[in-house]
Amino acid sequence: MKEKILYVSDRLSMGADMLVKALSDTFEVMRIRSSDEVKHLPGIVLVNLAGLEDKEKIKSFTGAKVFLLGSQSEIDASGIKSAEGIAKPFNPAEVKAKLSSLSSGNGTAQKTLLLVDDDAVMIRTLREGLSTSYKVLPANSGANALKILAKTKPDLILLDYEMPEMNGPQVLEALRADSETAKIPVMFLTAKSDSESIGKIEALKTQGHMMKTSPLREIKEAIQNFFDGNC
């Protein structure tokens, strides 16, 4: 079964349309207009910027890897910071290889995790354990996490609750205050299991929390269960 790609286009663009046609021998390409309702969002979305009418719709595609097709000036002026640009002239072979590399081998695009923790050992352990299934971006502080988020929008953030200078709740507050990051799912990592600490975490209404002391197998299961329930 071919992996599905969503192609959003409001106007005929010879270069972009020819590229999509070239990808069709590898991927199942579903074409829609930006005004159409999207019921099932695949892992990869291609957006033709020529005459694009609804850019806000594209910004809402937080659960997919979004690529913008157009001139470099069109990409720069789009204001869609969460997407990656593919500038003209398009090289079909290079684009196909790029999109194929996102596949996790089971017909879905590989998910990206942002791992935020000031503990270098914790970052190394989780990064090594999770990289077999996900693309893992490490950040050793809240400030560094926000710098990464200015350029890349992950599918899920694993956020240490207790960190110096900028703790987990403060990072979460900054995320929710920015329209570009407000909808990115967050799961807290914590070393405390007492009812008071857990109650404070649950009051923040994120997608859940995990104990740092949990076996890697349980952490991977919790992440996969989250994605399975939101695909």
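**Figure 1. Lys59, Phe61, Thr62, Ala64, Val66, Ser82 and Lys153 line the largest cavity of the model.** This is a predicted model, in which local features need pLDDT of at least 70 and side-chain atom pairs count only at pLDDT 80 or more, while totals for chains, interfaces and linings use all residues. Residues are numbered from 1 along each chain as its sequence is written, and side-chain values use heavy atoms, leaving out hydrogens and water. A search through the whole structure turns up 1 cavity of 30 Å³ or more. Inside the largest cavity there is about 50 Å³ of space (the space filled by probe spheres set on grid points, which are joined across faces, edges and corners). On a 1 Å grid over the protein atoms alone, a cavity is a set of points where a 1.4 Å probe fits but cannot get out; a pocket is an open set with protein on both sides within 12 Å along at least five of seven lines, and lining residues have an atom within 4 Å of a point. Sorted by class, this cavity lining gives 3 nonpolar, 2 polar and 2 charged residues (Ala, Val, Leu, Ile, Met, Phe, Trp, Tyr, Cys and Pro are nonpolar; Asp, Glu, Lys and Arg charged; the others, Gly among them, polar).

**Figure 2. The second largest pocket holds about 310 Å³.** Its lining runs to 22 residues, and Lys65, Leu102, Thr112, Thr152 and Lys153 are the ones nearest the centre. Lys153 is already familiar from the lining of the largest cavity. The pocket lining splits into 7 nonpolar, 7 polar and 8 charged residues. S4 makes the biggest contribution to this lining, supplying 3 residues.

**Figure 3. One open sheet has its 5 strands in the order S2-S1-S3-S4-S5, with parallel pairing.** At the edges sit strand S2 (27-32) and strand S5 (84-87), each pairing on one side only. On average, neighbouring strands here are turned by 25° against each other, ignoring direction. Zoom in on strand S1 (residues 3-8), and you find 6 bridges joining it to S2, with the two running parallel. One spot to look for is Glu3, whose bridge partner in S2 is Phe27. Strands (E, at least two residues) and helices (H or I, at least four) are DSSP runs numbered from the N terminus, and two strands pair if DSSP finds at least two bridges between them.

**Figure 4. Helix H1 (residues 14-23) packs on this sheet, where it touches S1, S2, strand S3 (44-48) and strand S4 (65-70).** The direction of H1 makes about 155° with that of S3. Helix H4 (residues 92-100) packs on the sheet too, with S1, S2, S3, S4 and S5 all touched, and its direction makes about 100° with that of S2. Contact means heavy atoms within 4.5 Å; axes are lines fitted to C-alpha atoms (for helices, over the stretch in contact), with angles from 0 to 180 degrees between N-to-C directions.

**Figure 5. Another open sheet lines up its 5 strands as S7-S6-S8-S9-S10, paired in parallel.** Strand S7 (135-139) and strand S10 (209-211) are the edge strands, each with pairing on one side only. Here the average turn between neighbouring strands is 20°, direction ignored. Strand S6 (residues 112-116) pairs with S7 in the parallel sense through 5 bridges. Look for Thr112, which stands opposite Lys135 in S7; Thr112 also turns up among the residues nearest the centre of the second largest pocket.

**Figure 6. Two loops carry backbone details worth a look: Pro89 sits in the one between S5 and H4, and Glu165 in the one between strand S8 (156-160) and helix H7 (168-177).** The peptide bond that joins Lys88 and Pro89 is cis, with omega about -5°. Over at Glu165, phi is near 70°, a positive value in a residue other than glycine. To place these close-ups, the protein has 9 helices and 10 strands, and its C-alpha trace spans about 60 × 35 × 30 Å along the principal axes.
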